[in-house]
Amino acid sequence: MFVNLEFPRTVDYLLDDFFTTDVVPNRFFPALDVCEYDNETVVVAELPGVRKEDIKISIENGWLTLSGERRPYEIPQDAKILLNEMRVRNFSRSIQFPHDVDVNNISAELTNGVLRIVLPKTEQARVRTVNIT
């Protein structure tokens, strides 16, 4: 009896599974982009299939935490499932900022599965220019 492993392909799959950020069953970590500007920091997160009601955003001691759940969609009873890779998953992601955030003016918007969080800097944390006299 022989088993065809397709060696390079099998190793690629194993390495992908090992190095993926999705290492905890039923949990995933959304991809983030974080951009800092003079007056604010903007965090953009990919959350396909997640409703805004299922997202929680909190900030405490300079840590922004984004958490929630991707809920299942309804599969019709008469459907024959050929492939089912979309999972119901909880998610949580925390990042720390090197500056103070004006917590009273944080805004967030979810559009087409992309969450954009704007975190204004406090007056003390903003970049200033000094004129030389």
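**Exercise 1. Work out the order of the strands in the open four-stranded sheet, and find its edges.**

Start with the pairing rule: two strands pair if DSSP finds at least two bridges between them. Strands here are DSSP runs (E, at least two residues), helices are runs of H or I with at least four residues, and both are numbered from the N terminus. With that rule, the four strands line up as β2-β3-β8-β7, and the pairing is antiparallel. Next, look for strands that pair on one side only: those are the edge strands, β2 (32–36) and β7 (107–111). From one strand to the next, the twist averages 15 degrees, with axes taken as lines fitted to C-alpha atoms (for helices over the stretch in contact) and angles running from 0 to 180 degrees between N-to-C directions.

Before going on, a word on what you're looking at. This is a predicted model, where local features need pLDDT of at least 70, side-chain atom pairs count only at pLDDT 80 or more, and totals for chains, interfaces and linings use all residues. Residues are numbered from 1 along each chain as its sequence is written, and side-chain values use heavy atoms, with hydrogens and water left out.

**Exercise 2. Describe how β3 and β8 pair, and name the bridge partner of Thr41.**

Take the ranges to begin with: β3 covers residues 40–46 and β8 covers residues 114–120. Their pairing is antiparallel and runs over seven bridges. Now pick out Thr41: its bridge partner in β8 is Leu119.

**Exercise 3. Place the sheet in the whole protein: which elements are there, and in what order?**

Count the elements: one helix and eight strands. Reading from the N terminus, they go α-β-β-β-β-β-β-β-β. Then check burial, where buried means under 20% relative accessible area, exposed over 50%, and partly exposed in between (1.4 Å probe, protein chains only). Of the 133 residues, 22% are buried. Finally, turn to contacts, meaning heavy atoms within 4.5 Å. Among those with a separation of 6 or more, 55% link residues 24 or more positions apart.

**Exercise 4. Trace the salt bridges around Asp54 and Arg71.**

Side chains of opposite charge can pair when their charged atoms come close. The cut-off used is a side-chain nitrogen of Lys or Arg within 4 Å of a carboxyl oxygen of Asp or Glu. A search of the whole structure turns up five such bridges.

1. Begin at Asp54, which is buried at 10% relative accessibility. Its salt bridge with Arg71 has the closest N and O atoms 2.8 Å apart. Arg71 sits in the loop between β5 and β6 and Asp54 in the loop between β3 and β4, so the pair ties together parts 17 residues apart in sequence.
2. Asp54 also meets Arg51, at 3.1 Å from N to O. Arg51 is partly exposed, at 46%.
3. Go back to Arg71, partly exposed at 43%. Its side chain also meets Glu69 at 3.7 Å, N to O, and Glu69 is partly exposed at 25%.
4. Put it together: Arg51, Glu53, Asp54, Glu69 and Arg71 are linked in one network of salt bridges.

**Exercise 5. Ser67 and Thr122: buried or exposed, and what do they touch?**

Ser67 is in strand β5 and counts as buried because its relative accessible area is 18%. Leaving aside neighbours within four places in sequence, Ser67 contacts Asp54, Ile55, Lys56, Phe91 and Ser92. Thr122 is in the segment after β8 and is buried too, at 15%. With the same exclusion of neighbours within four places, Thr122 contacts Asp100, Val101 and Asp102. Its C-alpha atom is 8.1 Å from that of Asn39, 83 residues away along the chain.

**Exercise 6. Find the residues other than glycine with a positive phi, including Asn61 and Asn112, and say where they sit.**

Asn61 has a phi of about 50 degrees. This residue lies in the loop between β4 (55–60) and β5, and is exposed at 68%. For Asn112, phi is near 50 degrees. Asn112 lies in the loop between β7 and β8 and is exposed at 79%.
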